[in-house]
Amino acid sequence: MIASVPVAESESYARLRRALAGERLPAAFVDLDALDRNLERHMARVGARHKTLRVASKSVRVVAVLRRLLGRGSPTLRGLMCFAAREAEFLAKAGFDDLLVAYPVWQESDLDAAARLAREGKIIRLAADCREGVERVARRANEHGVTLGVVLCVDMSLRGLGGRVHLGVRRSPLHSPDQVLALARYVRDSRGVRLDGLLAYEAQIAGLGDDSPFEPWQNPLKGAIRRVSAREIAGRRRAMVEALERDGFSLPLVNGGGTGSLDTTLEESSVTEVTAGSGFFKPHLFDYYKSRHVRSLEPASFFALEVTRRPAPDMVTCLGGGYVASGAPGPDKVPLPWLPRGLALLPHEMCGEVQTPLALGPGVQVALGDPIVFRPAKAGEPFERFTEVLLLSGDRVVDRVPTYRGEGLCFF
């Protein structure tokens, strides 16, 4: 059975039951007190290294929460990393600025949206990793009579044995400083675009937990990959920046990192800003990291299901719950029962589309109609299944706000 993993607990079931009393279930909710504390932890760590922090919108997907995160007026906080051009357009209309679209934009309608934002004076930057992508951005920018900022998206994966070993995600054909410099020169020679920096995300560090209870024998290997990657990336990223600067480029930003790699990315002098999003919510995937920063965070995003059946004396069944995270399938991708303690998923049924059965541990008593609180595996994604999010402070719902989906939006 897959049981909830013990981490530092800041919630109490009694408090959440009081807050959720009378609410329609299933319900997604955010603990604002925990969210604010997580934000402070990020800001303190980033500010101490004299860098800036960009918020990843895909890990939030709730405008009101994005406003809360960026509303501090702190110079440490800088703009949003968006996952789609139409999302950037939507967020610009909601009042946000300094928008970095981190995935290459190809459709003409999306490029038109970016060009409109540039014409309106918004800071909008598009990721590109090849000549064809730069050409398409430049062509559309020229048709609109604007100049669009381009950020080169670089593959920061760890390679070995002549390329036969690839540890990381498949993102970009740009891997070496020479490849980056060649495309940067092409941007410089193209009318309608300008080089605004580098986007260099080290997924094999940020997304690789090294303290998993599911495959503990792999943890030493994962830890070694993280350490070796951090050293290799620091040298290669620095070499890229130095090559560009020698060639006369001035880079407004060099972006790296994610919540899971903040400890190492912040140590690099060549990086000017880091990105984080999931860490503000700390979904349960981040329980499986040894990182000091990740361990300092606390859960802040949850959903609650209603108990509607009792198929056996030692079991209950909840309505709904199949909010499984993307990525390689495994027990770390399913939601985990969090409160009350002592509940476990059934390994052959897990979280279902319309029902989720749970085994009751010794002494655990749950009544029909009770809410069961779950933690999602990833941040952001579960909000695609809800039209609104409850915002909790203490033992009260202080607001209810729409998700992207609740505002009638679905980017992908």
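## Exercises on salt bridges and packing

At 35% relative accessibility, Arg37 counts as partly exposed. This residue opens the first exercise on a predicted model.

**Exercise 1. Find the salt-bridge partner of Arg37 and say where the two residues lie.**

Solution. Start at the side chain of Arg37: it meets that of Glu298 in a salt bridge, 2.8 Å from N to O. Next, place the two residues: Arg37 belongs to helix H2 (residues 32-48), while Glu298 sits in the loop between helix H12 (292-296) and strand E13 (301-312), so the pair links distant parts of the chain, 261 residues apart. Finally, check burial: Glu298 has a relative accessible area of 7%, which is under 20%, so Glu298 is buried.

**Exercise 2. Work out which network Glu273 belongs to.**

Solution. Begin with the pair: the side chains of Arg78 and Glu273 form a salt bridge of 3.5 Å, N to O. Arg78 is in strand E4 and Glu273 in strand E12, 195 residues apart. Then look at exposure: Glu273 is buried, at 0% relative accessibility. Last, follow the shared partners: Arg54, Arg78, Asp98, Arg125, Arg194, Asp196 and Glu273 are joined by salt bridges into one network.

**Exercise 3. Decide whether Lys222 has a salt bridge or lacks one.**

Solution. First locate Lys222, in helix H9 (residues 219-246). Now look for a partner: the nearest side chain of opposite charge is Glu215, 4.4 Å away. A salt bridge needs nitrogen and oxygen within 4 Å, so Lys222 has none, although Lys222 is buried. Beyond its neighbours within four places in sequence, Lys222 contacts Leu208, Gly209, Asp210, Ser212 and Glu215.

**Exercise 4. Describe how helices H4 and H5 pack.**

Solution. Take the geometry: H4 (residues 85-93) and H5 (residues 108-119) pack at about 30 degrees, with axes 8 Å apart. That angle makes H4 roughly parallel to H5. The crossing is left-handed. Now go to the residues: Ala85, Arg86, Ala88, Glu89 and Ala92 of H4 meet Asp110, Ala113, Arg116 and Leu117 of H5. To finish, consider the cover: 7 of the 9 residues of H4 are buried, and the elements covering them include H5, helix H3 (63-70) and strand E4 (77-82).

**Exercise 5. Find out whether Phe96 is buried or exposed, and what it touches.**

Solution. Phe96 lies in the loop between H4 and E5. With a relative accessible area of 7%, Phe96 is buried. Leaving out residues up to four places away in sequence, Phe96 touches Val63, Leu66, Arg67, Leu70, Leu80, Leu91 and Lys122. As a last step, compare sequence with space for one of these: Phe96 and Arg67 are 29 residues apart in sequence and 8.4 Å apart, C-alpha to C-alpha.

Notes: Residues numbered from 1 in each chain as written. Predicted model: local features only at pLDDT ≥ 70, side-chain atom pairs only at ≥ 80, totals over all residues. Heavy atoms only, no water. Helix = DSSP H or I, 4+ residues; strand = E, 2+ residues; numbered from the N terminus. Buried < 20%, exposed > 50% of the residue type's maximum accessible area, 1.4 Å probe, protein only. Lys, Arg positive; Asp, Glu negative; His and termini not counted. Contact = heavy atoms within 4.5 Å. Axes fitted to C-alpha atoms, helices over the stretch in contact; angles between N-to-C directions. Parallel < 35°, antiparallel > 145°, perpendicular 65-115°, else oblique. Left-handed = near helix turned anticlockwise from the far one by under 90°.
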